[in-house]
Amino acid sequence: MTEPSPQPVERPSGQPREADRLRQLLRTPDYLRVLVYSALIGVPVSLVAFWVLVGLHELQHVLWAEIPHHLGWDTAPWWWPLPLLLIAGVLVGLIATRMTGAGGHIPAGGLHAGATAPAALPGVVLAAAASLPLGAVLGPEAPLIALGGGLALLFRRLTRIPGTPQTTALLGAAGAAAAIAAIFGNPLIAAVLLIEVAGIGGPQLFAVMLPALLSSGVGNLIFTGFGNWTGLETGSLNITLPTPLPRLDPADVLWTILIALALAVFLNPVMEAGRGVAAFVSGAVLPRTVLCALAAAACAAAYALITGRTPADVALSGQATLGELAADPHAWAIGALLAVLLLKSVAYALCLGSLRGGAIFPAIFLGAAAGVLLAPLPGLGAVPAMAAGMAASTAAIMRLPVSSVLLVVLLLGSTAMIPLAILAAVISFITTELLPTGSTLPPTPHAKEQPAGAGGPTAAGTP
């Protein structure tokens with residue numbers, strides 16, 4: 001007699017276990033088709049994202065290095081940001097008022113995981129090209145997420161895959177992940193970033209994740225070493241670096257706590273101001289976008305006049321300047337560090353609410369600059385201070401603690417500072433969440449892919 005096949009174990013409510021539901025999903029032909037399609041679209045989306053990044057970088061180099069050099073200046077003169085950001089404000093204002101999708105979402109709203117409709121892609125690319133190379137204090141990640149998700153849906157239409165709410169959300173996330181991996185050169189960061197941005201699990205995800213993250217970070221000191229404790233040897237896949245990073249000690253941990261608290265308190269008004277700028281711009285998009293862009297340019301010009309350094313330190317995303325800061329932090333005077341922190345923060349808030357781009361790279365730079373400024377504190381040092389500053393600032397602005405830690409590890413090229421990065425990210429995240437929020441972001445035409453009857457994909461990671 002043939003025994004009956006085992007049935008899925010039922011919960012008291014009559015629902016199958018999560019593991020059984022996952023197995024059923026993995027056997028679904030539609031889901032398997034989405035997996036195959038996601039693997040196929042990774043190549044073209046990554047190539048397009050790569051060439052968009054190359055184009056933005058080359059245009060920035062021409063505008064900020066080659067043209068000033070040909071005109072006889074070693075670096076851009078103090079007034080250089082004024083005409084460039086004037087042009088950026090005019091172009092972005094026109095795109096926001098006349099093109100489908102308004103050139104993408106407002107950066108002060110945080111990153112969005114929802115797939116952008118293909119019809120909005122020209123506006124997204126043009127707005128990014130008009131903002132980033134011309135001096136906007138923003139990064140490329142938000143436009144590329146929108147570009148990756150939109151291209152995935154465009155390819156889906158060409159192959160005639162059914163446009164259900166599930167396939168729309170999954171393919172949009174797959175395309176966005178491929179584009180993000182092109183920016184950071186790491187698919188793991190892309191996956192983790194999108195999990196946090198999408199808000200999978202809602203507040204419960206962060207409620208469970210923060211204690212686990214904090215406990216693992218503090219516990220990791222057993223293996224990395226702490227003060228006179230040399231640490232325990234375990235099997236590791238890490239590559240040995242030619243120049244070892246400093247060993248952590250109690251002073252590093254204590255200063256990290258204070259740095260995280262200070263940066264959370266300092267940067268929360270920056271994001272609040274960005275949302276206030278967005279509300280101001282929504283009243284008359286074109287003229288007020290131009291006004292805010294010129295005000296950001298004035299910050300960069302004032303910095304150059306005060307310090308004698310290039311205005312590019314304040315303008316642009318800070319990605320190139322971050323490498324110079326890390327390579328030779330002693331080349332920056334205390335006055336220059338204070339000026340770049342204050343003036344770049346103001347320009348950052350203005351661009352968050354008016355131009356188009358992402359918020360990650362300027363946040364990383366501000367954290368690194370704060371770390372270098374505070375590095376002379378007793379018992380601290382440049383590397384621990386920069387690690388704590390970058391993790392704290394990114395977590396405060398983006399509200400993505402795990403991604404903040406991974407980004408610091410990627411930038412430093414080592415896991416030695418993971419305990420400090422985790423401690424800084426968790427403290428900064430919690431502090432920012434507990435601080436009062438006042439302004440709200442005005443609605444913006446988004447042109448997202450929205451199947452009939454669907455609520456549309458969620459957007460999280462929003463401060």
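These questions and answers concern helix packing and one buried serine in a predicted model.

Reader: How are α12 and α14 oriented to each other, roughly parallel or roughly antiparallel?
Author: Helix α12 covers residues 319-327 and helix α14 covers residues 360-374. They pack at an angle of about 20°, with their axes 9 Å apart. Angles under 35 degrees count as roughly parallel. Therefore α12 is, relative to α14, roughly parallel.

Reader: How many charged residues are in the contact of α12 with α14?
Author: On the α12 side are Gln-319, Thr-321, Leu-322 and Leu-325, which meet residues of α14 including Phe-361, Ile-364 and Val-372. By class, the contact has eight nonpolar and two polar residues, and the number of charged residues is zero: there are no charged ones.

Reader: What is the handedness of the crossing of α15 and α17?
Author: The axes of helix α15 (residues 382-398) and helix α17 (residues 418-434) come within 8 Å and cross at roughly 35°. Residues in this contact include Ala-388 and Ala-392 of α15, with Ala-421 and Phe-429 among those of α17. By class, the contact has 11 nonpolar, two polar and no charged residues. The crossing of α15 and α17 is right-handed.

Reader: Is Ser-403 buried or exposed?
Author: Ser-403 lies in helix α16, residues 401-412. Its relative accessibility is 2%, and the cut-off for buried is under 20%. Ser-403 therefore counts as buried.

Reader: Which residues is Ser-403 in contact with, leaving aside its neighbours within four places in sequence?
Author: Ser-403 belongs to helix α16. With neighbours within four places in sequence left aside, the contacts of Ser-403 are Val-192, Leu-193 and Glu-196.

Methods:
Residues numbered from 1 in each chain as written. Predicted model: local features only at pLDDT ≥ 70, side-chain atom pairs only at ≥ 80, totals over all residues. Heavy atoms only, no water. Axes fitted to C-alpha atoms, helices over the stretch in contact; angles between N-to-C directions. Helix = DSSP H or I, 4+ residues; strand = E, 2+ residues; numbered from the N terminus. Parallel < 35°, antiparallel > 145°, perpendicular 65-115°, else oblique. Contact = heavy atoms within 4.5 Å. Nonpolar A, V, L, I, M, F, W, Y, C, P; charged D, E, K, R; others polar. Buried < 20%, exposed > 50% of the residue type's maximum accessible area, 1.4 Å probe, protein only. Left-handed = near helix turned anticlockwise from the far one by under 90°.
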